[in-house]
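Good morning, and thank you for making time for this short presentation. Please have the sequence and the coordinates open while I speak.

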Amino acid sequence: MTITAVRSQAGARTGAALAVAAMTCVQLGLAVSVGLIGELGVAGAAWIRLAWAGVLMLLLVRPRPAGLTRRALWSAVALGVVTGVMTMLFMAAVARLPLGTASALEFLGPLGVAVFRGRRLLWPLLAGGGVLLLTEPWHGGADPVGVGFALAAAVCWAAYILLTQHVGDEAAGLSGLAVSMPVAGLVATVVAGPQVFGRLTVDLLVMGLFLAVLLPVVPFVLEFLALRRLTTAAFGTLMSLEPAIAVVTGLVLLHQVPGWAAVAGVGLVVAAGIGAERSGAR
């Protein structure tokens, strides 16, 4: 095996580890955010996290838009808009569906990227089968509005993956992400800010700051770095692990007990994630 191949495989393993860590943070943040929805509503819970995330990225990274090319700058702005819309749509889905079901439906976005951008269909198809077992659409008991929000979030997630890799390639360090996160916060402020400002308390602001670190700051940074090491197809397939992580998180923190089909689905998506990691180096 050549040195280049060894480095490529090492990069893929690192990228996969970053992606798994990001997914774990996302699901923990979503589980904790469920309580915040009761205080601020769906849009408010998304807004406070995105607003704080934008502030934190500005303070910690201090981006210089003038240092970015026009193409990189507009890509970062587009990423911010997609991030803001995706976050609010998914929070609306979580308010109506179990965490595992909402995450599984949203995964259809990354799965689409994996199918259309990948050369190996085995892992995306295996992941898709796992997602079907996780969601059990044949029961027909899911809230149709919640399903609609989750599917819309899936479309945004597909765009998020493609834009994140593009911004990561165009902009050095975290400067692109440091532009996109404030934009996401502004989008959420325009949509949800006015209806939330009157309900804010010091406790809610502190909770929002904590949640912003857990989701989206840490996972988005990890995903940003992972997509520099993985193809979009491999990353999209690896995201199949997120519904499985969501099922476990829902069980431990929200006492949402999965059935046998969900457990089998977890097994399939884990197998798909392992296969994607082994063949997904850029």
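Let me begin with a term: a residue is called buried when its relative accessible area is under 20%, exposed when that area is over 50%, and partly exposed in between. Please also keep in mind that what you see is a predicted model.

With that cut-off, I turn to a residue in helix α2, namely Val82. Is Val82 buried or exposed? Its relative accessibility is 16%, and buried means under 20%, so Val82 counts as buried. Leaving out residues up to four places away in sequence, Val82 touches Cys156, Ala159, Tyr160 and Leu163. Those four partners can be placed on helix α6, which spans residues 144-170. For a sense of scale, Val82 and Ala262 lie 180 residues apart in sequence, and their C-alpha atoms are 29 Å apart in space.

Helix α2 also holds Val85. The relative accessible area of Val85 is 30%, and this residue is therefore partly exposed. Which residues does Val85 touch, once those up to four places away in sequence are set aside? They are Cys156 and Val187. Cys156 is thus a partner of Val85 and also of Val82. Along the chain, Val85 and Ala188 are 103 residues apart, yet a separation of 7.5 Å is found between their C-alpha atoms.

I now come to the packing of the helices. Two packed helices are described by the angle between their axes and by the distance between those axes.

The first pair for discussion is α2, residues 70-94, with α3, residues 99-106. Their axes come within 9 Å and cross at roughly 140°. The two helices are therefore oblique to each other, and α2 passes α3 in a right-handed crossing. From α2, the residues that take part are Met86, Phe90, Ala93 and Val94; from α3, they are Leu99, Ala102, Ser103 and Glu106. Sorted by class, this contact of α2 with α3 contains six nonpolar residues, one polar and one charged.

How many residues of α3 are buried? The count is eight of eight, and the helix is mostly covered. The buried residues of α3 include Glu106, which is also a member of the contact with α2.

Next is α3 with α4, the latter formed by residues 108-117. Here the angle is about 30° and the axes are 4 Å apart. The pair is therefore roughly parallel. Ala104, Leu105 and Glu106 of α3 make this contact together with Leu108, Gly109 and Pro110 of α4. By class, the contact of α3 with α4 comprises four nonpolar residues, one polar and one charged. Glu106 thus appears in the contact with α4 as well as in the one with α2.

The third pair is α4 with α6. The axes of these helices come within 7 Å and cross at roughly 50°, which makes α4 oblique to α6. This crossing of α4 past α6 is right-handed. On the α4 side one finds Leu108, Gly109, Pro110, Val113 and Arg117, and on the α6 side Leu151, Ala154, Trp157, Ala158, Ile161 and Leu162. By class, the contact of α4 with α6 has nine nonpolar residues, one polar and one charged.

I turn now to the nonpolar interior. Which residues have the most contacts inside the largest nonpolar core? They are Tyr160 and Phe235, in a core of 87 residues. The largest share of that core, 20 residues, is supplied by helix α1, residues 3-61. Tyr160 has already been named as a partner of Val82. As for Phe235, its contacts beyond neighbours within four places in sequence are Ala19, Ile161, Glu223, Ala226, Leu227 and Leu230. Of these, Ile161 also takes part in the contact of α4 with α6.

Finally, two points of backbone geometry. Most residues other than glycine have a negative phi, and most peptide bonds are trans. Arg62, although not a glycine, has a positive phi of about 50°. Arg62 is located in the loop between α1 and α2, and with a relative accessibility of 66% it counts as exposed. The peptide bond from Leu215 to Pro216 is cis, with omega near 20°. Pro216 itself lies within helix α8, residues 202-226.

That concludes my presentation; thank you for your attention.

How values were computed. Residues are numbered from 1 along each chain as its sequence is written. This is a predicted model: local features need pLDDT of at least 70, side-chain atom pairs count only at pLDDT 80 or more; totals for chains, interfaces and linings use all residues. Side-chain values use heavy atoms; hydrogens and water are left out. Axes are lines fitted to C-alpha atoms, for helices over the stretch in contact, and angles run from 0 to 180 degrees between N-to-C directions. Angles under 35 degrees count as roughly parallel, over 145 as roughly antiparallel, 65 to 115 as roughly perpendicular and the rest as oblique. A crossing is left-handed if the near helix is turned anticlockwise from the far one by less than a right angle, and right-handed if clockwise. Contact means heavy atoms within 4.5 Å. Ala, Val, Leu, Ile, Met, Phe, Trp, Tyr, Cys and Pro count as nonpolar, Asp, Glu, Lys and Arg as charged, and the others, Gly among them, as polar. A nonpolar core is a set of buried Ala, Val, Leu, Ile, Met, Phe, Trp, Tyr and Cys residues joined through side-chain atoms within 4.5 Å. Buried means under 20% relative accessible area, exposed over 50%, partly exposed in between (1.4 Å probe, protein chains only).
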